[in-house]
Amino acid sequence: MLTVIETFYSIEGEGPFIGVPTFFIRLSGCNLRCTWCDTKYSYSGGEKRTVESLVEEAAKYKTKFVCITGGEPLLQDEVYSLMYKLLDKEYKIILETSGSISVENVPTDENMIIAMDIKTPSSNMVEHNLYQNIELLAAKDYLKFVISDDKDYSFSKTVIEKYPFDGEVIFQPEGGKNLKELTEKVLKERLNIRVLPQLHKIIWGDKRGV
Ligand code: SF4
């Protein structure tokens with residue numbers, strides 16, 4: 001059984017698949033407490049669900065994209081069984097993880113995308129970053145940095161220089177909307193980085209379940 005906070009059908013709001021209709025599974029529990037966390041309701045509680053019932057629910061939607069998120073989805077052992085079952089059915093899975101738990105047991109499959117955070121100083125969670133995870137990522141995966149201020153920006157640049165990565169690196173402004181300043185900085189410094197918003201927040205604001 002998995003403990004699930006919510007399931008919903010919406011657009012992917014972050015990362016390279018932004019805008020793609022996606023079925024979301026939000027698992028309960030998180031080992032971190034980021035200062036700017038926008039899903040505090042995922043820390044505890046939720047409903048017990050079987051892997052099979054989640055796979056069946058995914059089939060109701062006309063999408064091949066499933067996002068497994070949290071909280072921190074890798075805290076629940078049965079998430080691996082969920083990933084394998086969805087891959088068997090040829091879904092493309094986006095696993096959103098905080099970067100604080102090893103991704104070594106995540107299936108290596110072309111349809112398995114790891115969307116991994118590196119926590120920036122403003123989160124107050126930097127000491128939880130498992131940098132060795134970066135070596136376990138493939139070019140199809142991506143790294144996300146939430147940027148609040150200049151300190152976060154400098155920190156993120158240092159991490160990228162220190163841990164080279166073939167996949168995409170995304171800077172996301174904290175709050176998901178104010179892109180201009182960050183975009184101009186990245187362009188000015190000729191960084192090979194994508195600056196992306198949280199599209200769901202632009203569309204619906206800080207609403208749950210979208
Ligand atoms: S890792 Fe994600 S869910 Fe957990 S506290 Fe940080 S932002 Fe919130």
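**Strand S6 and its setting in the sheet**

Glu96 stands opposite Ala115 in S6. In this predicted model, Glu96 lies within strand S5, residues 92-97, which runs parallel to S6 and is joined to it by five bridges. On the other flank, S6 (residues 112-117) pairs with strand S7 (residues 142-147), again in the parallel sense, over three bridges. Ala115 has Tyr142 as its bridge partner in S7, and Asp117 is partnered in that strand by Lys144.

Helix H4, formed by residues 150-162, packs on the sheet and touches both S7 and strand S8 (168-173). The direction of H4 makes about 160 degrees with that of S7.

The burial of S6 was examined residue by residue. The strand is mostly covered, with six of its six residues buried. In a regular strand, side chains alternate between the two faces of the sheet. Met112, Ile114 and Met116 point one way from S6, whereas Ile113, Ala115 and Asp117 point the other way. Residues of both sets are buried, Asp117 included.

The strands described above belong to an open sheet of nine strands with mixed pairing, in the order S3-S1-S2-S4-S5-S6-S7-S8-S9. The edges of this sheet are formed by strand S3 (47-49) and strand S9 (194-195), each of which pairs on one side only.

At the level of the whole protein, six helices and nine strands are present. The radius of gyration is 16 Å, close to the 17 Å that the globule rule gives for 210 residues, so the protein is as compact as a globular protein of that length. The C-alpha trace spans about 50 × 35 × 30 Å along its principal axes. Of the 210 residues, 37% count as buried. Among contacts between residues at least 6 apart in sequence, 69% join residues at least 24 apart.

The surroundings of the ligand were also analysed. The residues around the ligand are Cys30, Leu32, Arg33, Cys34, Cys37, Thr39, Ser42, Gly70, Gly71, Glu72 and Ser98. By class, this shell divides into four nonpolar, five polar and two charged residues. Cys30, Cys34 and Cys37 are among the residues of the shell, as are Gly70 and Gly71.

Conventions. Residues numbered from 1 in each chain as written. Predicted model: local features only at pLDDT ≥ 70, side-chain atom pairs only at ≥ 80, totals over all residues. Pairing = 2+ DSSP bridges. Helix = DSSP H or I, 4+ residues; strand = E, 2+ residues; numbered from the N terminus. Contact = placed C-beta atoms within 7 Å. Axes fitted to C-alpha atoms, helices over the stretch in contact; angles between N-to-C directions. Near = placed C-beta within 6 Å. Nonpolar A, V, L, I, M, F, W, Y, C, P; charged D, E, K, R; others polar. Rg over C-alpha atoms; globule rule 2.2 N^0.38 Å. Buried ≥ 20, exposed ≤ 12 C-beta atoms within 10 Å, placed from the backbone.
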